[in-house]
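This report goes through one protein model, from its strands to its side-chain contacts. Please look at the sequence and the structure before reading on.

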Amino acid sequence: MIQEGDKVVFLKDGVRGIVIRVEADRCHVLWEDEFVSWEKIELLRLESIDS
């Protein structure tokens, strides 16, 4: 389960970000390039500790 503060990876292009808010089936994400967007949870995966 994805929660606020989790590091995530966008499945379509591999970009990394940090979840800043979770609402229903979407997450508000601050991406590594400082862009912010709402994304569907199914398009995100938790970043593994060893990546």
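Two strands count as paired if DSSP finds at least two bridges between them. The strands themselves are DSSP runs of at least two residues, numbered from the N terminus. The model described here is a predicted one.

## The sheet

Strands of a sheet pair through backbone hydrogen bonds, either parallel or antiparallel. In this model, five strands form an open sheet in the order β4-β3-β2-β1-β5, and the pairing is antiparallel. The strands β4 and β5 stand at the edges with a single partner strand each, so one side of each has no neighbour in the sheet. From one strand to the next, the twist averages 45°.

Two of the pairings can be followed in detail. Between β1 and β2 there are three bridges, in the antiparallel sense, and V8 stands opposite G17 in β2. Between β3 and β4 there are five bridges, also antiparallel. There, V29 has S37 of β4 as its bridge partner.

## Two positive phi angles

Most residues other than glycine have a negative phi. The hairpin of β3 and β4 has four residues between its strands, and E34 takes a positive phi near 75° in this hairpin. E34 belongs to the loop between β3 and β4 and is exposed, with a relative accessible area of 69%.

A24 also has a positive phi, of about 50°, although A24 is not a glycine. Its place is the loop between β2 and β3. At 79% relative accessibility, A24 counts as exposed.

## Strand β4 and S37

Which side chains of β4 are buried, and which are not? The side chains alternate along the strand: S37 and E39 point to one face and are buried, whereas V36, W38 and K40 point to the other face and are not.

S37 lies in strand β4 and has a relative accessible area of 10%. The cut-off for buried is under 20%, so S37 falls in that class. Its side chain makes a polar contact of 2.7 Å with the side chain of W31. Another polar contact, also of 2.7 Å, joins the side chains of S37 and E39. Leaving aside residues up to four places away in sequence, S37 touches C27, H28, V29 and W31.

## The aromatic pair

How many aromatic pairs does a search of the whole structure find? The search finds one. The ring centres of F10 and W31 are 5.7 Å apart and the ring planes stand at 65°, so the pair is edge-to-face. F10 lies in strand β1 (residues 7-10) and W31 in strand β3, so the pair ties together parts that are 21 residues apart in sequence.

Both partners are shielded by this measure: F10 counts as buried at 12% relative accessibility, and W31 counts as buried at 7%. W31 is also the residue whose side chain makes the polar contact with S37.

## Salt bridges

Side chains of opposite charge can pair when their charged atoms come close. The structure holds three salt bridges. One of them joins the side chains of E47 and R16, at 2.3 Å from N to O. E47 lies in the segment after β5 (44-46) and R16 in strand β2 (residues 16-23), so this salt bridge ties together parts that are 31 residues apart in sequence. R16 counts as partly exposed, at 35% relative accessibility.

The side chains of E23 and R21 also meet in a salt bridge, at 2.9 Å from N to O. E23 counts as partly exposed at 37% relative accessibility, and R21 is partly exposed at 43%.

D25 forms a salt bridge with K40, and their closest N and O atoms are 3.9 Å apart. D25 lies in the loop between β2 and β3 (26-31) and K40 in strand β4 (residues 36-40), so the pair ties together parts that are 15 residues apart in sequence. At 39% relative accessibility, D25 counts as partly exposed. K40 counts as partly exposed too, at 41%.

Notes:
Residues are numbered from 1 along each chain as its sequence is written. This is a predicted model: local features need pLDDT of at least 70, side-chain atom pairs count only at pLDDT 80 or more; totals for chains, interfaces and linings use all residues. Side-chain values use heavy atoms; hydrogens and water are left out. A salt bridge is a side-chain nitrogen of Lys or Arg within 4 Å of a carboxyl oxygen of Asp or Glu. Buried means under 20% relative accessible area, exposed over 50%, partly exposed in between (1.4 Å probe, protein chains only). A polar contact is a pair of N or O atoms within 3.5 Å; within protein, one must be able to donate a hydrogen and the other to accept it, and residues adjacent in sequence count only if both atoms are side-chain atoms. Contact means heavy atoms within 4.5 Å. Rings of Phe, Tyr and Trp (its six-membered ring) pair if their centres lie within 6.5 Å; planes under 30 degrees apart count as stacked, over 60 as edge-to-face and the rest as tilted. Axes are lines fitted to C-alpha atoms, for helices over the stretch in contact, and angles run from 0 to 180 degrees between N-to-C directions.
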